[in-house]
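User: I'm new to this one and would like to know how the labels people put on it are earned. Can you take me through them?

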Amino acid sequence: MASSEIYREADPVMSKEIRDVVPAHYVLKIKSFSLFAKNNMEKYESGEFEAGGYKWKLILYPNGDKSRNGEDHISIYLAISGMNPLQLGGPIHVAIRFSSYDQICDRYLTQQGRVTRFHALKAEWGVPRYMPLKTFANPSNGYLVDDTCIFGVEVFVIKSSGVGECLTLKASASYTHQWKISWLPSLGEGYLYSDAFTVGDHKWKVLLWPRGDYSNRGQSLSIYLCLVEVDKLASDQKVYARYVIRLKGPKNFVHQPEARTISFSSSMQMGGWPSFMPLKTVQECLTNDPCFIEAEVTVFGTISKLP
């Protein structure tokens, strides 16, 4: 169960969520919280924990980080640990969620800011005005009960996998190829290819199985659109196209399924309909010669991997 809202409190802008789930990466429980003030302890640094391949620590200012305008608030930060910040090498992009446990409702108040970047000159990030001390210290709110409180943090390191694609759109090229078929109901169990035709700098053919392909033999007519010469495509290149195939017969007979849009490639050379039309319908409606197969193809562009 969770509810969420967006609010602005000084800097940064945070999103707030009430949830049941325990923080995934680190939980800090503090007993006798009031002794921070009595012992003049301005801040507390937690032990190290690991998340996303790096070591971190949670830093808490129980009476506010006054150097960053955190008076009268709980201030909370995440800091990279275990290495000199100058040794980071490159920036680390991190999404951080801080949590406070409501001991009455058994839920966590979780707050997340924008994705932040850790680097040699910025080894910590946090919220100086995380929660007003008045709100935190009120027992009816559940955050400080019997002088005990619980904080938590989740750290999600964002690493680019380098995986992506580039869609290069072009002025759409459309063409309708018509293929005349004689005595369709009497054709055998083999397959037939239409003549090649060109759409969008690519060659295409229609593949027809008059008696059904291997999975529909003797049941349905099967028909496909095929991309020809796929070996001429660049490595991992795809052709983004929409197509529809219609079958026209005597007496204004037309059978046309819904158009499809797919990416043709060396591993996806054809697309179509294994069960385009029941053979019974072929025998009943297409007995008079001839009939026509029309392939309407629109090429929108190409897709390639990001360099």
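Analyst: Sure. Let's begin with pairing: two strands count as a pair if DSSP finds at least two bridges between them. Keep in mind that this is a predicted model.

User: So what makes S18 and S22 a pair?

Analyst: Strand S18 (residues 238-249) and S22 have 11 bridges in the antiparallel sense, and at least two are needed, so they count as paired. One of the bridges puts Arg-242 opposite Thr-298 in S22.

User: Which strand does S22 pair with over 14 bridges?

Analyst: That's S13 (residues 165-181), again antiparallel. Here Ser-174 is the one standing opposite Thr-298.

User: Why is S22 called largely enclosed?

Analyst: Buried means under 20% relative accessible area. In S22 (residues 291-305), 11 of the 15 residues are buried, so the rest of the structure largely encloses this strand. For the chain, 41% of the 307 residues count as buried.

User: What does the chain contain in the way of helices and strands?

Analyst: Three helices and 22 strands.

User: And how do you know that the chain is more spread out than a compact globule?

Analyst: The globule rule gives 19 Å for 307 residues, but the radius of gyration is 33 Å, well over that, so the chain is more spread out than a compact globule. The C-alpha atoms fill a box of roughly 100 × 45 × 30 Å along the principal axes.

User: Where do the domains come in, and how far apart are their centres?

Analyst: Domain 1 covers 15-158 and domain 2 covers 165-305. Their C-alpha centres lie 60 Å apart.

Definitions and conventions:
Residues are numbered from 1 along each chain as its sequence is written. This is a predicted model: local features need pLDDT of at least 70, side-chain atom pairs count only at pLDDT 80 or more; totals for chains, interfaces and linings use all residues. Side-chain values use heavy atoms; hydrogens and water are left out. Domain bounds come from an automatic or database domain assignment. Buried means under 20% relative accessible area, exposed over 50%, partly exposed in between (1.4 Å probe, protein chains only). Helices (H or I, at least four residues) and strands (E, at least two) are DSSP runs, numbered from the N terminus. The radius of gyration is taken over C-alpha atoms; the globule rule is 2.2 Å times the number of residues to the power 0.38.
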